[in-house]
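Student: Pick one part of this model and take me through it slowly, with the cut-offs spelled out as you go. I'd rather have one connected account than a list.

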Amino acid sequence: MIDALFNQPDYVAAKKMLDVTVLRQEAIASNLSNLETPNYKRLDVAPSFEAQLSQAVKSGDPAQIASLQPKLTVDQSAISGRGDGNTVTLESEM
C-alpha cells in the first residue's frame, strides 16, 4: 500500500524537483568558487530540463518522470562583462 503512495506522479515529480534543486545549488557553489577564475563559464541546469519535466508530468507516467536526469551545462546566455572571460557575476548568483 505504501508503495502506491511513492509511485504517484506528483510524488515522483516533487522528488525530481528536489534533485534538480540540489543540482542547481551545486552549480551555484561551483560558480561562486570560480568567481575569479579566468575564462570560467557559468554553469546552470540544462534549460531543456524544465520542458522535459513538464511534458513528463503531463503524461502522468511516474516511470517517465523518474527517468529524467537533470544535468549541468554551460550557461550560454551568460555574457562576460570582464576582461578575463569569466561569465560569473556575484549578483546573479545571489
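Tutor: Let's start at Glu 93, which sits in helix H5, residues 90-93; helices here are DSSP runs of H or I with at least four residues, strands are E runs of at least two, and both are numbered from the N terminus. Before going on, the ground rules: this is a predicted model, where local features need pLDDT of at least 70, side-chain atom pairs count only at pLDDT 80 or more, and totals for chains, interfaces and linings use all residues. Residues are numbered from 1 along each chain as its sequence is written, and side-chain values use heavy atoms, with hydrogens and water left out.

Glu 93 counts as buried because its relative accessibility is 6%. The cut-offs, with a 1.4 Å probe and protein chains only, are under 20% for buried, over 50% for exposed, and partly exposed in between. What does Glu 93 touch, not counting residues up to four places away in sequence? Its partners are Ile 28, Asn 31, Leu 32, Arg 42 and Val 88, a contact being heavy atoms within 4.5 Å.

At the other end of the H5 range, Leu 90 also lies in the helix, but at 39% relative accessibility Leu 90 is partly exposed. Leaving out residues up to four places away, Leu 90 touches Leu 32 and Leu 35. Leu 90 and Leu 32 are 58 residues apart along the chain, yet their C-alpha atoms are separated by 7.1 Å.

Follow Ile 28 from that contact list and you land in helix H2. Ile 28 is partly exposed, at 21% relative accessible area. As for distance, Ile 28 and Gly 81 are 53 residues apart in sequence and 18 Å apart in space, C-alpha to C-alpha.

H2 itself has 25 residues and should span 36 Å at 1.5 Å a residue, which agrees with end C-alpha atoms 36 Å apart; the expected span is 1.5 Å times one less than the number of residues. Its buried residues are Val 12, Ala 13, Lys 16, Val 20, Leu 23, Ala 27 and Asn 31. An α-helix has 3.6 residues a turn, so residues three or four places apart point the same way.

Some of these feed the largest nonpolar core, whose 10 residues are Val 12, Ala 13, Val 20, Leu 23, Val 45, Phe 49, Leu 53, Ala 56, Ile 65 and Leu 68. Such a core is a set of buried Ala, Val, Leu, Ile, Met, Phe, Trp, Tyr and Cys residues joined through side-chain atoms within 4.5 Å. H2 and H3 each supply at least two of its residues, and the largest share, four, comes from H2. Core member Ala 56, setting aside neighbours within four places in sequence, is in contact with Asp 61, Gln 64, Ile 65 and Leu 68.

After H2 comes a loop leading to strand S1 (43-45), and Asn 39 is in it. Is Asn 39 buried or exposed? Exposed, because its relative accessible area is 53%. Its phi is near 65°, a positive value in a residue other than glycine. That's worth a glance on your Ramachandran plot: most residues other than glycine have a negative phi.
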